[in-house]
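Colleague: I have a chain to look at and a few questions about its fold. Can you take me through them?

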Amino acid sequence: MKVKDCRIDNHYVAISPSQSVSEIVGQVRNNNFAVVCDEGKPVGILTTEDIVARLLVAKKDQNTTKVKDIMSSPVKTASMNDDLNLVSEMMVKENFLSLPVVDEDGNLAGIVTVYDVIAKLRGKI
């Protein structure tokens, strides 16, 4: 079974590494994370935890701090043709609830969640 056989959510938040944190903080807060993309390709992840730890605790200015300065990078992704069992093992090992999925050109195609992966592997979707 492949990732493309699983439900891939195309309702995600994609932000630019050059945006200021003040521009995107609401989007990240409302969605818990955002995929950081440069020309359509994932280059990082920004979570609410990243904002707290790398911006607020470090007492950086959200108006001048760029996403690229506090994002988690490099980003791990899955491709459409990756084996779903291997992806599920990696998600569990890395403690990921969601994972960006890229197309054959490396562009962001959507997000797969650990819940959808497990449901698909159990034959529930």
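Modeller: One term before we start: buried means under 20% relative accessible area, exposed over 50%, and partly exposed in between, with a 1.4 Å probe and protein chains only. This is a predicted model, where local features need pLDDT of at least 70, side-chain atom pairs count only at pLDDT 80 or more, and totals for chains, interfaces and linings use all residues. Residues are numbered from 1 along each chain as its sequence is written, and side-chain values use heavy atoms, with hydrogens and water left out.

Colleague: What share of the 125 residues is buried?

Modeller: The cut-off is under 20% relative accessible area. Applied to the 125 residues of the chain, it gives a buried share of 36%.

Colleague: Which pattern do the helices and strands follow along the sequence?

Modeller: Helices (H or I, at least four residues) and strands (E, at least two) are DSSP runs, numbered from the N terminus. The chain has five helices and six strands. Read along the sequence, they give β-α-β-β-α-α-β-α-β-β-α.

Colleague: What radius of gyration does the chain have, set against a compact globule?

Modeller: The radius is taken over C-alpha atoms, and the globule rule is 2.2 Å times the number of residues to the power 0.38. For 125 residues, a compact globule would come near 14 Å, and the chain agrees with that at 15 Å. The C-alpha atoms fill a box of roughly 45 × 25 × 20 Å along the principal axes. The radius asked for is 15 Å.

Colleague: What share of the contacts with a separation of 6 or more joins residues 24 or more positions apart?

Modeller: Contact means heavy atoms within 4.5 Å. Among contacts with a separation of 6 or more, the share from residues 24 or more positions apart is 52%.

Colleague: In which order do β4, β5 and β6 lie in their open sheet?

Modeller: Two strands pair if DSSP finds at least two bridges between them. β4 and β5 (residues 98–102) are parallel over two bridges, while β5 and β6 are antiparallel over five bridges. β4 (78–79) and β6 (108–113) are the edge strands. The order is β4-β5-β6.

Colleague: Which residue of β6 is the bridge partner of P100?

Modeller: β6 is mostly covered, with five of its six residues buried. The hairpin of β5 and β6 has five residues between the strands, and G106 there takes a positive phi near 85 degrees. The partner of P100 in β6 is I111.

Colleague: In the other sheet, which residue of β2 stands opposite I15?

Modeller: This open sheet has the order β1-β2-β3, with mixed pairing. Its edge strands are β1 (14–15) and β3 (41–47). β1 and β2 (residues 33–38) pair in the parallel sense over two bridges. Opposite I15 in β2 stands V36.

Colleague: Which residues does a cis peptide bond join?

Modeller: Most residues other than glycine have a negative phi, and most peptide bonds are trans. Here omega is about 0 degrees for the bond in question. P74 is found in the loop between α3 (67–70) and β4. The bond joins S73 and P74.

Colleague: Is E39 buried or exposed?

Modeller: E39 is found in the loop between β2 and β3. Its phi is positive, about 55 degrees, although E39 is not a glycine. Because its relative accessibility is 75%, E39 counts as exposed.
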